[in-house]
Amino acid sequence: MNCRLRISILALAIALAPTARRPTSAGIGQTNEPANEKAFDVSGEVKLYLAGSGAPVKDASKVVVWLTPRGVVLPARVQAPREYRMVQHNKMFEPNLLVVPVGSMVDFPNLDPWFHNVFSLYRGKRFDLGLYEAGAHKAIRFDRPGASYIFCNIHPEMAAVIMTVDSDFYGVSDKSGHVSIPSVPAGKYLLRVWYENATPQALSVLDRSVDVEAGSVNLPAIAVPGTKQTTAKHKNKYGQDYDPKAGSSDYQN
């Protein structure tokens, strides 16, 4: 084979060989950490007052604030799987307020030495985990936004709320009313607020548009009109009054 023929064959092989793809800028939703994405820690202050009288409420804790992206789909971000748990311990739910994104699985371990029966039949996610013994646990997926009121069918004093939000960016206020939402990408959002002792109508008027960008990482003032907290009685999962003897025996195994 002469030299000219070998060169021609080599050139043809190079032309037909697959070329390495150069990195390109992926579109929204196609990348985990785009180079130009900036995230900010957003903070704000919540004030509670009594609807009607306007009297301030000293304890401004347990107000849920979240930011729902508007207009575009934010890029997916790789995060370590988060484990959500609501523990049954000392005839209480711990924590008694849990915030999770839509689609999250929540585990309900029983750390008491007696049986429990976790259920929610009112708003939000409806479910009944049935009777299960000490040391056991059951889980449920919260696949719809809203507040789910959690009870035990044996112990009427056990009550909690799981608030499911349509966002990964949320925070809960402390007693002083401070709320922080970490790692929020720059963009436009709808600010939403939830508080157990506020009416849906009062909360809906607090919705507003928020731009998260450099130099603007503080939420607008949030003033929530609440009602007086009362210890409301609830029915068991059958819609009946609790058996007063059930809690004393605890169905111990």
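These are my notebook entries on the salt bridges in this predicted model.

Entry 1, ground rules. I worked from a predicted model, in which local features need pLDDT of at least 70 and side-chain atom pairs count only at pLDDT 80 or more, while totals for chains, interfaces and linings use all residues. Residues are numbered from 1 along each chain as its sequence is written, and side-chain values use heavy atoms, with hydrogens and water left out.

Entry 2, the count. I looked up the salt bridges (a side-chain nitrogen of Lys or Arg within 4 Å of a carboxyl oxygen of Asp or Glu) and found five in the structure.

Entry 3, Asp 128 and Lys 237. I noted a salt bridge between these two, with 3.0 Å between the closest N and O atoms. The pair links distant parts of the chain, 109 residues apart: Asp 128 sits in strand E10 (residues 127–128), and Lys 237 in the loop between strand E18 (222–226) and helix H3 (246–249). Helices (H or I, at least four residues) and strands (E, at least two) are DSSP runs, numbered from the N terminus. For accessibility I used relative accessible area, where buried is under 20%, exposed is over 50% and partly exposed is in between (1.4 Å probe, protein chains only). Asp 128 is partly exposed at 38%, whereas Lys 237 counts as buried at 18%.

Entry 4, Asp 207 and Arg 192. Their closest N and O atoms are 3.1 Å apart in a salt bridge. Asp 207 lies in the loop between helix H2 (200–204) and strand E17 (208–212) and Arg 192 in strand E16 (residues 187–194), so the pair ties together parts 15 residues apart in sequence.

Entry 5, Asp 241 and Lys 235. I recorded a salt bridge of 2.6 Å, N to O, between these side chains; Asp 241 is exposed at 57%, and Lys 235 is partly exposed at 37%.
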